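Student: I'd like a close look at how one part of this model packs against its surroundings. Could you walk me through the helix contacts there and the residues around them?

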Amino acid sequence: MFQLIRLESKKFKLGWFIKGAILATILILFCLCMISVLEKSEGTEMLKDMTGIFTVSGAMVRGVFIVFAAVLISKMIISEYKNRTILIMFSYPINRKTILSAKLIIIVFITFIAMTISHTVVITGFIGLNQIFHFISAISLSSSDFLAEFIKVIMFSLTTAIAALVPLYFGMKKYSTPATIVSSLLIVGVTCQSMGPNFSLANIIYIPLALALIALGIVVLAIRNVDRMDLN
């Protein structure tokens, strides 16, 4: 399994994902700074404390990487079925279920790591820039508070990375890349709406958790039916 995961990672040359993740992180940090500046000038500071910063940045990071995960699903699974190149993999003396499982593990792992790192970089970057430009009046965050928030980041990243597999169901219907991407945008709408630190869907862990359970069900069905899939 680990050898297959390594080969799949090399096969799809995931350098584009790394570059995209870096660019997305920079843009999210820039947007977070701009939001704080604009709201401060208007006197409606949603980012007046660390709760607001974590909420808004988390919503943006997860939204971006849910779509990135859909692109991975499209490239690594949907396109291979649509173009029938998956037949080459299925001709190897490897169980089809193992092949599909390896692809899904790569997608979840990469998405989880990217979200966790990106969110951490955005938060630390904002705190650092705030020391220079004073976007918000004050940031009060003890080490224990930061640890608690970081644990939340990991929990949200993990559940969201699994929930990001839901578009697999729609993409596999007719091996459609547009359906995969559009359904990921619907997931973003459900999990990442942020209306401020006081009430936000982005703060409710049960939403990505429920979607993660649905995604696991979809994965189980896909793996179970992979031997019966008609590629003709």
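Tutor: Happy to; here is a walk through the contact of helix 6 with helix 9, followed by the neighbouring residues and a second helix pair.

A word on the ground rules comes before the tour. This is a predicted model, in which local features need pLDDT of at least 70 and side-chain atom pairs count only at pLDDT 80 or more, while totals for chains, interfaces and linings use all residues. Residues are numbered from 1 along each chain as its sequence is written, and side-chain values use heavy atoms, with hydrogens and water left out. Helices are DSSP runs (H or I, at least four residues), numbered from the N terminus.

Let's start with the main pair. Helix 6 spans residues 143-163 and helix 9 spans residues 206-225; their axes come within 7 Å and cross at roughly 40 degrees. Here the axes are lines fitted to C-alpha atoms over the stretch in contact, and angles run from 0 to 180 degrees between N-to-C directions. Helix 6 and helix 9 are therefore oblique to each other; angles under 35 degrees count as roughly parallel, over 145 as roughly antiparallel, 65 to 115 as roughly perpendicular, and the rest as oblique. Their crossing is left-handed, meaning that the near helix is turned anticlockwise from the far one by less than a right angle, with clockwise giving right-handed.

On the helix 6 side, Phe156, Thr159, Thr160, Ile162 and Ala163 meet Pro208, Leu209, Leu211, Ala212, Ala215 and Leu216 of helix 9, where contact means heavy atoms within 4.5 Å. By class, the residues of this contact are nine nonpolar, two polar and no charged. In that count Ala, Val, Leu, Ile, Met, Phe, Trp, Tyr, Cys and Pro are nonpolar, Asp, Glu, Lys and Arg are charged, and the others, Gly among them, are polar.

Two of those helix 6 residues also lead us to helix 3. Leaving aside residues up to four places away in sequence, Arg62 touches Phe156 and Thr160, along with Met115, Cys192 and Ala202. Arg62 lies in helix 3, residues 50-82, and is buried, with a relative accessible area of 7%. Buried means under 20%, exposed over 50%, and partly exposed in between (1.4 Å probe, protein chains only). At the other side of the pair, Asn225 belongs to helix 9 and is partly exposed at 26%.

The core ties in here too. The largest nonpolar core has 71 residues, and Ile77 and Leu168 have the most contacts inside it. Helix 3 gives this core its largest share, 16 residues. Such a core is a set of buried Ala, Val, Leu, Ile, Met, Phe, Trp, Tyr and Cys residues joined through side-chain atoms within 4.5 Å. Among the residues that Leu168 touches are Ile73, Ile77, Ile218 and Ala222.

For a contrast in geometry, take helix 7 (residues 167-174) and helix 8 (residues 177-191), which pack at an angle of about 160 degrees with their axes 8 Å apart. This pair is therefore roughly antiparallel, and helix 7 passes helix 8 in a right-handed crossing. Pro167, Phe170 and Gly171 in helix 7 meet Ala179, Thr180, Ser183, Ser184 and Ile187 in helix 8; the contact has four nonpolar, four polar and no charged residues.

Note on methods:
Helix = DSSP H or I, 4+ residues; strand = E, 2+ residues; numbered from the N terminus.
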